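Trainee: Could you take me through one part of this model up close? I'd like to hear about the cores and the pieces packed around them.

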Amino acid sequence: MLTWTDILEFAANGNPEPDREVRKSDDEWREQLTEEQFYVARQHGTERPFSSGMCELFEPGKYACVCCDTLLFDAGEKFDSGTGWPSFTQPAKENAISYHGDNSMGMTRVETLCNTCDAHLGHVFPDGPAPSGLRYCMNAVALKKVDDTEAIATFGGGCYWCTEAVFRSVKGVISVESGFSDGEVVDPTYKEVCSGQTGHAEVVQITYDPEVVSYGELLRVHMGTHDPTTLNAQGADVGTQYRSTILYRSEQERQVAEKLLEELSDTFESDIVTDVKAFEKFYPAPADHDNYYNRNPNQGYCQAVISPKIAKFRKTFQHLLNPDE
Ligand SMILES: [Zn+2]
């Protein structure tokens with residue numbers, strides 16, 4: 001949780017790195033935004049107080065940057081400050097927002113920007129409710145409300161073609177994307193990842209409806225459809241990019257994962273070697289699948305592996321099968 005001391009520290013000595021960066025020209029922003037959004041978010045303007053219904057909005061969900069869709073606040077951190085501007089006590093993530101000293105208007109204040117695209121959001125003050133004591137005083141037009149109907153999970157269990165195929169048939173799964181995560185190189189190419197030198201793992205990023213399937217159920221499918229006991233390998237695929245991994249996005253997900261690994265430790269003959277780490281970045285795999293098939297000598301293996309995996313999934317997790325499949 002961020003406190004006023006952290007905010008002053010960021011404003012004085014630099015802000016944490018964002019997960020991603022979005023840069024556009026003023027012309028491009030003008031094209032995308034309304035006149036008022038452009039004035040507030042791109043020209044550091046301030047909307048009139050009490051000009052938005054967002055002040056009285058306390059439904060669950062999240063608030064994202066109107067410019068770049070980065071999630072900035074959870075509705076659970078919103079409170080009624082009586083100021084006429086939507087107010088929050090804490091950002092969604094420590095690196096979601098950047099902080100800058102602002103001496104305009106004859107005041108010394110801390111300006112808040114979206115850390116991803118530098119949109120002006122408003123200011124933060126040390127007079128908010130406990131425990132953080134912070135009041136993020138935001139312009140409603142710089143934010144948009146996002147309903148909490150989708151969640152994302154990221155797992156690695158070897159060759160992502162195999163894992164992707166399994167999760168596509170799970171009920172409540174909206175989409176599955178293959179890619180790389182948890183490495184050291186920014187924007188790696190597929191070839192670089194395959195070299196095993198970038199530190200990335202092949203992963204699937206699963207967008208799902210948490211009202212239909214839970215994070216814990218997805219984890220069970222993940223653990224039940226790959227071998228979590230072989231270090232840096234799945235069958236014939238050997239290399240750190242094939243490691244077994246769970247990349248959590250919240251403390252709650254971390255706890256669910258640790259508990260499940262504990263529970264499953266007796267069901268495997270060898271020790272579980274699955275990594276449980278905080279999710280940082282996801283790089284989608286190249287859309288051009290042909291390259292994969294041409295370059296990957298294990299193609300036959302992969303094909304041979306997918307069908308048994310799906311068969312196993314259908315048998316073990318019948319209650320989680322997508323009824324449309
Ligand atoms: Zn933004």
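Mentor: Here is a walk through the cores, beginning with the overall picture and then going residue by residue.

Keep in mind throughout that this is a predicted model. The protein has nine helices and 17 strands, and its C-alpha trace spans about 70 × 40 × 35 Å along the principal axes. Of the 325 residues, 35% are buried. If you take the contacts with a separation of 6 or more, 69% of them link residues 24 or more positions apart.

Now to the part you asked about. The largest nonpolar core has 37 residues, and Phe167, Ile206 and Leu218 are the ones with the most contacts inside it. Several elements each put in at least two residues: the strands β10 (151-157), β11 (173-181), β12 (201-208) and β15 (244-248), plus the helices α4 (160-167), α6 and α7. Among these contributions, the largest share is that of α4, with six residues.

So what does α4 itself look like? Eight of its eight residues are buried, so α4 is largely enclosed by the rest of the structure. Reading along the helix, the buried set runs Tyr160, Trp161, Cys162, Thr163, Glu164, Ala165, Val166 and Phe167. Have a look at Glu164 and Thr163 while you're there, as both are on that buried list. Phe167, also on it, is one of the residues with the most contacts inside the core.

Next, pick up Leu218, another of those well-connected residues. Leaving out anything up to four places away in sequence, Leu218 touches Ala153, Val170, Ile206, Tyr208 and Val213. Ile206 in that list is itself among the residues with the most contacts in the core.

From there, move to the pair α6 and α7, both of which feed the core. Helix α6 covers residues 215-224 and helix α7 covers residues 251-264; their axes come within 10 Å and cross at roughly 40°. The two helices are therefore oblique to each other, and the crossing is right-handed. On the α6 side the contact is made by Tyr215, Gly216, Leu219, Arg220 and Met223, which meet Glu253, Val256, Ala257, Leu260 and Leu264 of α7. By type, that contact divides into seven nonpolar residues, one polar and two charged. If you're wondering about the spacing of residues along a helix face, an α-helix has 3.6 residues a turn, so residues three or four places apart point the same way.

That isn't the whole story of the interior, though. There's a second, separate core of 32 residues, which includes Phe10, Val66, Cys114 and Ala140. A good way into that neighbourhood is Ala142, in the loop between β8 and β9. Ala142 is buried, with 27 other C-beta atoms within 10 Å. Its contacts, not counting residues up to four places away in sequence, are Val40, Ala41, Val66, Ala119, His120 and Leu121. Val66 is one of the residues of the second core. Cys114, also in that core, has its C-alpha atom 9.4 Å from that of Ala142, with their positions 28 residues apart along the chain.

A little further on is Lys145, in strand β9 (residues 143-146). Lys145 has 15 C-beta neighbours inside 10 Å, so it counts as partly exposed. Apart from neighbours within four places in sequence, it is in contact with Leu57, Gly61 and Tyr63. The C-alpha atoms of Lys145 and Cys65 are separated by 9.1 Å, although the two are 80 residues apart along the chain.

Before you close the viewer, check a few backbone oddities in the loops. A cis peptide bond joins Ala130 and Pro131, with omega about 5°, and Pro131 lies in the loop between β7 (120-125) and β8 (135-138). Asp118 isn't a glycine, yet it has a positive phi of about 65°. You'll find Asp118 in the loop between β6 (109-114) and β7, and its 20 C-beta neighbours inside 10 Å make it count as buried. Phe50 isn't a glycine either and has a positive phi of about 60°. Phe50 sits in the loop between α3 (35-42) and β1 (62-65), and with 12 C-beta neighbours inside 10 Å it counts as exposed.

Key: Residues are numbered from 1 along each chain as its sequence is written. This is a predicted model: local features need pLDDT of at least 70, side-chain atom pairs count only at pLDDT 80 or more; totals for chains, interfaces and linings use all residues. Axes are lines fitted to C-alpha atoms, for helices over the stretch in contact, and angles run from 0 to 180 degrees between N-to-C directions. Helices (H or I, at least four residues) and strands (E, at least two) are DSSP runs, numbered from the N terminus. Angles under 35 degrees count as roughly parallel, over 145 as roughly antiparallel, 65 to 115 as roughly perpendicular and the rest as oblique. A crossing is left-handed if the near helix is turned anticlockwise from the far one by less than a right angle, and right-handed if clockwise. Two residues are in contact if their C-beta atoms, placed from the backbone, lie within 7 Å. Ala, Val, Leu, Ile, Met, Phe, Trp, Tyr, Cys and Pro count as nonpolar, Asp, Glu, Lys and Arg as charged, and the others, Gly among them, as polar. A nonpolar core is a set of buried Ala, Val, Leu, Ile, Met, Phe, Trp, Tyr and Cys residues joined through C-beta atoms within 7 Å.
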